[in-house]
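Here is a friendly walk through one chain, meant to be read with the sequence and the coordinates side by side. Take a moment to turn the view around before reading on.

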Amino acid sequence: MLEASPWTDDPASLVKFVGRIQCISDHGCDWAEAVEAALQYANNEAEMPTRVVLIGDAPPHAERKGQKIGDVYRQKQKTHASNMVRGGFVEGGVLSTDYWEECARLADKGIKVYSFYLGSSPPKEEFDEISRITGGESQKLDLNDPEGLIHAICENALEDIGGTALRDTYRAQYRT
């Protein structure tokens, strides 16, 4: 359900990590993204992040904590067996958290979520809401602009390091 890499400055190790990820899905599986799992992961990091970058092409689960996957849309959806086992993220098909709860926890810690969505609606509304709750920003990821995400990440990091002045200097120099 969730794959996370450690921070690294070695591109080869990141390529290796991404190369071993396998998507496990079949017809009738849950369409929604496991956004709540990713946000919970960020909330539970030993060293708190200064911000979270969220990228997705489908909305998060609409179910609330304690609800069965599929209850909101009254759909029969499959949850991969590895997530339903005792102690699993959706033990018995029931969410152990939801994106609203995880966003509130992040907001309480002052951690903003910067959301990038593919497509329009959904996941636009949900990603906009996630960023609004946490004080971040949300925008459509343009796959025709290969440097768009790089600029967004750089601007976020620079703002964190040197405030809006440093971010604006970057924008003036590299965003024409």
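A residue counts as buried when its relative accessible area is under 20%, as exposed when it is over 50%, and as partly exposed in between. Val94, at 27% relative accessibility, is therefore partly exposed. Please keep in mind throughout that this is a predicted model.

**Overall picture**

The chain holds six helices and three strands. Followed along the sequence, these elements come in the pattern α-α-β-α-α-β-α-β-α. The chain has 176 residues, and 31% of them count as buried. About 11000 Å² of the chain is exposed, with carbon and sulfur atoms supplying 53% of that area. As for contacts between residues at least 6 apart in sequence, 65% of them join residues at least 24 apart.

How confident is the predictor? The average pLDDT of the chain is 80, and 76% of the residues score at least 70. Among the elements, helix H4 (residues 99–108) has the highest mean pLDDT, at 97, while helix H3 (residues 81–84) has the lowest, at 60. Where pLDDT is low, the predicted coordinates should not be read in detail.

**The loops on either side of H3**

Val94 sits in the loop between H3 and H4. Which residue, 27 places away along the chain, has its C-alpha atom 5.3 Å from that of Val94? The residue is Gln67.

Gly66 belongs to the loop between E1 and H3. With a relative accessible area of 51%, Gly66 is exposed. Leaving out residues up to four places away in sequence, Gly66 touches Val94 and Leu95. Gly66 can also be paired with Asp98: the two are 32 residues apart in sequence, yet their C-alpha atoms are 8.7 Å apart in space.

**Helix H6 and its kink**

Now let us turn to helix H6, which covers residues 148–174. A straight helix of 27 residues would span 39 Å at 1.5 Å a residue, but H6 spans only 11 Å between its end C-alpha atoms. Where is the kink in H6 centred? Look at Gly162, where H6 has a kink of about 135°.

Several residues of H6 are buried: Gly148, His151, Ala152, Glu155, Asn156, Arg167 and Tyr170. What do the buried residues of H6 pack against? Their partners are strand E1 (51–56), strand E2 (112–117) and strand E3 (138–140).

Asn156 is one of the buried residues of H6, and its relative accessibility is 8%. Not counting residues up to four places away in sequence, Asn156 touches Arg51 and Tyr114.

Glu155 also lies in H6. Is Glu155 buried or exposed? Glu155 has 7% relative accessibility and so counts as buried. Apart from its neighbours within four places in sequence, Glu155 is in contact with Arg167, Tyr170, Arg171 and Arg175.

**Salt bridges**

Side chains of opposite charge can pair when their charged atoms come close. With a cut-off of 4 Å between a side-chain nitrogen of Lys or Arg and a carboxyl oxygen of Asp or Glu, the count comes to nine salt bridges. Three of these pairs are set out below.

| Salt bridge | N to O separation |
|---|---|
| Glu155 with Arg171 | 3.0 Å |
| Arg167 with Glu159 | 3.4 Å |
| Arg167 with Asp168 | 2.9 Å |

How do these partners sit with respect to the surface? In the first row, Glu155 is buried, at 7% relative accessibility, whereas Arg171 is partly exposed, with a relative accessible area of 30%. Arg167, which appears in the other two rows, counts as buried at 13% relative accessibility. Its partner Glu159 is partly exposed at 22%, and its partner Asp168 is partly exposed too, with a relative accessible area of 36%. Salt bridges that share partners also join Glu155, Arg171 and Arg175 into one network.

**Bringing it together**

Glu155 makes a good place to end the tour. This buried residue forms a salt bridge with Arg171 and has Arg167 among its contacts. Arg167, for its part, forms salt bridges with Glu159 and with Asp168.

Key:
Residues numbered from 1 in each chain as written. Heavy atoms only, no water. Helix = DSSP H or I, 4+ residues; strand = E, 2+ residues; numbered from the N terminus. Buried < 20%, exposed > 50% of the residue type's maximum accessible area, 1.4 Å probe, protein only. Contact = heavy atoms within 4.5 Å. Areas by Shrake-Rupley, 256 points an atom, 1.4 Å probe, with all protein chains shown as cover. Expected span 1.5 Å × (residues − 1). Bend = angle between axes of the 7 residues up to and from the residue. pLDDT = per-residue confidence, 0-100.
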